[in-house]
Amino acid sequence: MVSQRLSSVTDSVIRDTTARSIARGAINLGQGLSRTPPPPALLDALAHRAAGANQSYGPARGEPALRREISRKFLTYNGIEYDPEHEVVVTIGATGAYSAALLALLDPGSEVLLIEPFYSYHRDLARAHGLQVATVPLDPFTDRLTEGMLRAAVSRDTRAVVVCTPSNPSGHRLTRAELEAVAAVAEQYDLLILSDEIYEYIYFDAAPHLSPAALAPEVRARTVTISGLSKTYGVPGWRLGYAAAPGPLAAGLGKAADLLTVCAPTPLQEVAVAALRLPSGYYESMRADLRRRKDVVAAAFTALGLRPNSPVGAYYLLVDCTEMGVATGWDAAEVLLSDYGLATIPGDAFHDRAPLRPYVRACFGIDDSDVRALTAFAEEVPRSPSYSASSPSR
């Protein structure tokens with residue numbers, strides 16, 4: 001019998017979409033798989049270092065060399081000083097860091113506040129840990145976060161607020177004003193801030209990445225900053241993430257990470273040091289390449305008469321499907337898959353309440369074969385599609 005904690009957690013829509021995409025022979029724009037290749041220098045490091053690396057268990061908090069490199073990265077990139085010995089924890093993916101934070105810092109029955117639309121694992125993992133979930137509902141196409149919105153969602157049980165910047169699914173980068181609103185409400189109600197910054201290097205405007213913990217010392221004192229290697233370096237299968245927090249919080253994170261998974265993959269931690277030492281040119285090239293792929297995916301949906309948003313971060317488009325005449329994102333995703341061979345995620349999967357409009361999420365971290373297929377698709381699709389089974393598919 002499934003535990004009561006998991007009874008409210010549904011199977012992953014994202015994983016199901018991938019399975020259906022494979023069965024259908026569709027272009028998979030659903031799961032954020034990061035199918036762009038890793039940098040060659042990182043694969044070279046893997047080939048040269050993995051065989052001679054430690055193949056046994058490593059320290060629960062992570063290999064010292066990697067923790068030092070993460071600390072250096074936080075200082076030079078995020079502008080936050082963390083002690084590598086006492087304030088940095090290496091985990092199995094950013095999801096593992098988030099799970100460890102929930103286990104270490106929040107008691108069952110406490111409430112976690114999510115900004116809607118949210119990454120579904122943020123909600124489902126919270127529930128799996130016996131936590132309550134409340135949301136701040138936003139229309140991702142028009143709304144911006146305010147103190148008033150946050151205060152309206154806080155209850156006497158709220159203990160933490162989760163932010164994701166750049167956002168999965170919307171690609172929105174929280175502005176300084178929005179982050180200051182989060183900080184003000186967290187200060188007023190004594191809330192933890194769990195900041196998922198896995199897409200911190202993936203952005204398309206001029207402003208540098210801004211972490212909540214960089215705002216002020218008092219914000220850093222209540223913030224757990226989470227990131228990892230999966231998205232930036234195209235290695236989601238390596239499952240390497242990390243978290244940084246003030247010493248007392250990090251001590252709990254380390255204990256929880258040990259209980260949950262013992263340690264992150266030890267040989268890959270040694271290779272990860274090479275990833276964090278890549279030159280700035282790598283990140284500029286990666287962003288330029290993703291921008292090109294974003295434009296290709298957007299053009300395919302525009303050819304269908306739909307309206308993709310213009311994300312400034314992460315690697316997802318939100319596509320407004322109102323013109324399809326459908327009631328929900330579920331309906332839109334079904335039509336796009338069955339009639340056009342495009343696998344997407346219903347926007348409803350990122351909300352607890354129904355979104356204000358039907359939309360889907362489409363990942364543009366795709367490989368070159370899908371870029372070519374989508375380019376051909378945009379050229380062949382009728383200018384006024386009828387959204388019927390007679391429409392062209394892959």
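This is a guided tour of one predicted model, moving from its sheet to its helices and then to three single residues.

**The sheet**

Begin by colouring the strands, and you will find an open sheet of seven strands, which follow one another in the order β2-β8-β7-β6-β5-β3-β4 with mixed pairing. At the edges stand β2 and β4 (residues 132-137), each of which has a single partner strand, so one side of each is left without a neighbour in the sheet. If you turn the view slowly, you can look for the twist between neighbouring strands, which are turned by 20 degrees against each other on average, with direction ignored.

Next select β3 (residues 111-116), in which six of six residues are buried. Which residues of β3 point one way, and which point the other way? E111, L113 and I115 point to one side, while V112, L114 and E116 point to the other, and all of them are buried. This fits a general pattern, in which the side chains of a regular strand alternate between the two faces of the sheet. Now add β4 to the selection, and you will see that β3 and β4 run parallel and are joined by six bridges, with L113 standing opposite A134 of β4.

Another parallel pair can be found by selecting β6 (residues 192-196) together with β7, which are joined by four bridges. Within this pair, L194 of β6 has V224 of β7 opposite.

**Helix α4 and what covers it**

Move on to helix α4, residues 64-78, whose 15 residues should span 21 Å at 1.5 Å a residue; the C-alpha atoms at its ends are 20 Å apart, which agrees. The buried residues of α4 are L66, R67, E69, I70, S71, K73, F74 and N78. While you look along this helix, it helps to remember that an α-helix has 3.6 residues a turn, so residues three or four places apart point the same way. To see what covers the buried residues of α4, show β2 (88-91), β7 (223-228), β8 (241-244) and α12 (266-276), which are included in that cover. After α4 comes G79, which has a positive phi, near 75 degrees.

**Two pairs of helices**

Two packed helices are described by the angle between their axes and by the distance between those axes. For the pair to select now, helix α5 (residues 93-105) and helix α6 (residues 120-128), the angle is about 35 degrees and the axes are 10 Å apart. The crossing of α5 and α6 is right-handed. If you show side chains here, you will find T95, Y98, S99 and L102 of α5 meeting Y121, H122, L125 and A126 of α6. The residues of this contact divide into five nonpolar, three polar and no charged.

The other pair is helix α3 (residues 40-49) with α12, whose axes come within 9 Å and cross at roughly 145 degrees, again in a right-handed crossing. From α3, the residues L42, A45, L46 and R49 take part in the contact, and from α12 they are L268, E270, V271, V273, A274 and A275. Here the division is eight nonpolar, no polar and two charged.

**Three residues to finish with**

Select S110, in the loop between α5 and β3. Is S110 buried or exposed? Its relative accessible area is 11%, and because buried means under 20%, S110 counts as buried. Leaving out residues up to four places away in sequence, S110 touches L131, Q132, D157 and R159. You may also draw a line from S110 to G329, which lies 219 residues away along the chain, and the C-alpha atoms of the two are separated by 31 Å.

Then go to T232 in helix α10 (residues 230-233), which is buried with a relative accessible area of 2%. Apart from its neighbours within four places in sequence, T232 is in contact with I198, Y201, Y282, Y283 and M286.

The tour ends at L336 in helix α14 (residues 329-340), which counts as buried at 0% relative accessibility. Setting aside neighbours within four places in sequence, the contacts of L336 are F301, L304, L306, M324, G341, L342, T344 and V360. With V360, L336 is separated by 24 residues in sequence, and the two lie 9.5 Å apart in space, C-alpha to C-alpha.

Note on methods: Residues numbered from 1 in each chain as written. Predicted model: local features only at pLDDT ≥ 70, side-chain atom pairs only at ≥ 80, totals over all residues. Heavy atoms only, no water. Helix = DSSP H or I, 4+ residues; strand = E, 2+ residues; numbered from the N terminus. Buried < 20%, exposed > 50% of the residue type's maximum accessible area, 1.4 Å probe, protein only. Contact = heavy atoms within 4.5 Å. Expected span 1.5 Å × (residues − 1). Axes fitted to C-alpha atoms, helices over the stretch in contact; angles between N-to-C directions. Left-handed = near helix turned anticlockwise from the far one by under 90°. Nonpolar A, V, L, I, M, F, W, Y, C, P; charged D, E, K, R; others polar. Pairing = 2+ DSSP bridges.
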